[in-house]
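Visitor: Hi there, could we talk through this one together?
Guide: Happy to, just ask away.

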Amino acid sequence: MKYRKDDKRETFRILPLITQLGLVMISSVGMATALGLWLDRRLGTGFFTVILFFVGAAAGGQGIYRLVKKADRDDNGKDDEISEKNR
């Protein structure tokens, strides 16, 4: 397999996006779970943590979807040609 300089550039262009995706998911799930734990301790219940965990996971998934969709756009703000043809 021949090594190309463009492959290295593409890897370094995508690396921050991958890091950002992980941080978005971890932070949304972590903050929602922490809020659930706080509410459960404050109110003496045991179900807010579970509910808010799933709400945080859904919010993280939505955030990841938006980031990937934004990264898929070209410099002009339009979707790629392949995406346009499939619509």
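Visitor: Where is the place of S28?
Guide: S28 sits in helix α1. Helices here are DSSP runs of H or I with at least four residues, strands are runs of E with at least two, and both are numbered from the N terminus. Keep in mind that this is a predicted model, in which local features need pLDDT of at least 70, side-chain atom pairs count only at pLDDT 80 or more, and totals for chains, interfaces and linings use all residues. Residues are numbered from 1 along each chain as its sequence is written, and side-chain values use heavy atoms, with hydrogens and water left out.

Visitor: Is S28 buried or exposed?
Guide: S28 counts as buried because its relative accessibility is 15%. Buried means under 20% relative accessible area, exposed means over 50%, and partly exposed is in between, using a 1.4 Å probe and protein chains only.

Visitor: Which residues does S28 touch, leaving out those up to four places away in sequence?
Guide: With those set aside, S28 touches G56, A59 and G60. Contact means heavy atoms within 4.5 Å. A polar atom of the S28 side chain also lies 3.0 Å from the backbone oxygen of V24.

Visitor: And where is G60 found?
Guide: G60 belongs to helix α2. G60 counts as buried because its relative accessibility is 0%. Not counting residues up to four places away in sequence, G60 touches V24, M25 and S28. G60 and S27 are 33 residues apart in sequence, and their C-alpha atoms are 8.0 Å apart in space.

Visitor: Let's zoom out. How many helices and strands are in the protein chain?
Guide: The protein chain has 3 helices and 0 strands, and its elements run α-α-α from the N terminus on. Of its 87 residues, 16% are buried. Among contacts with a separation of 6 or more, 50% are between residues 24 or more positions apart.

Visitor: What about the surface, how much does the protein chain expose?
Guide: About 7400 Å², with carbon and sulfur atoms supplying 62% of it. Those areas come from the Shrake-Rupley method with a 1.4 Å probe, and for residues only the protein chains shown count as cover.

Visitor: Which residues form a nonpolar patch there?
Guide: F47, I51 and V55 do, with about 280 Å² of accessible area together. Patch residues have over 30% relative accessible area and no salt bridge; nonpolar side chains (Val, Leu, Ile, Met, Phe, Trp, Tyr) are joined within 5 Å, like charges within 9 Å. A salt bridge is a side-chain nitrogen of Lys or Arg within 4 Å of a carboxyl oxygen of Asp or Glu. F47 is in the loop between α1 and α2 (48–72), and F47 is partly exposed, with a relative accessible area of 44%.

Visitor: What else lies in the loop between α1 and α2?
Guide: T45 is one residue there. The side chains of T45 and D40 are joined by a polar contact of 2.8 Å. A polar contact is a pair of N or O atoms within 3.5 Å; within protein, one must be able to donate a hydrogen and the other to accept it, and residues adjacent in sequence count only if both atoms are side-chain atoms.

Visitor: Back to α1: is T33 buried or exposed?
Guide: T33 is buried, because its relative accessible area is 18%. T33 is in helix α1 (residues 5–43), and beyond its neighbours within four places in sequence, T33 contacts T49 and F53.
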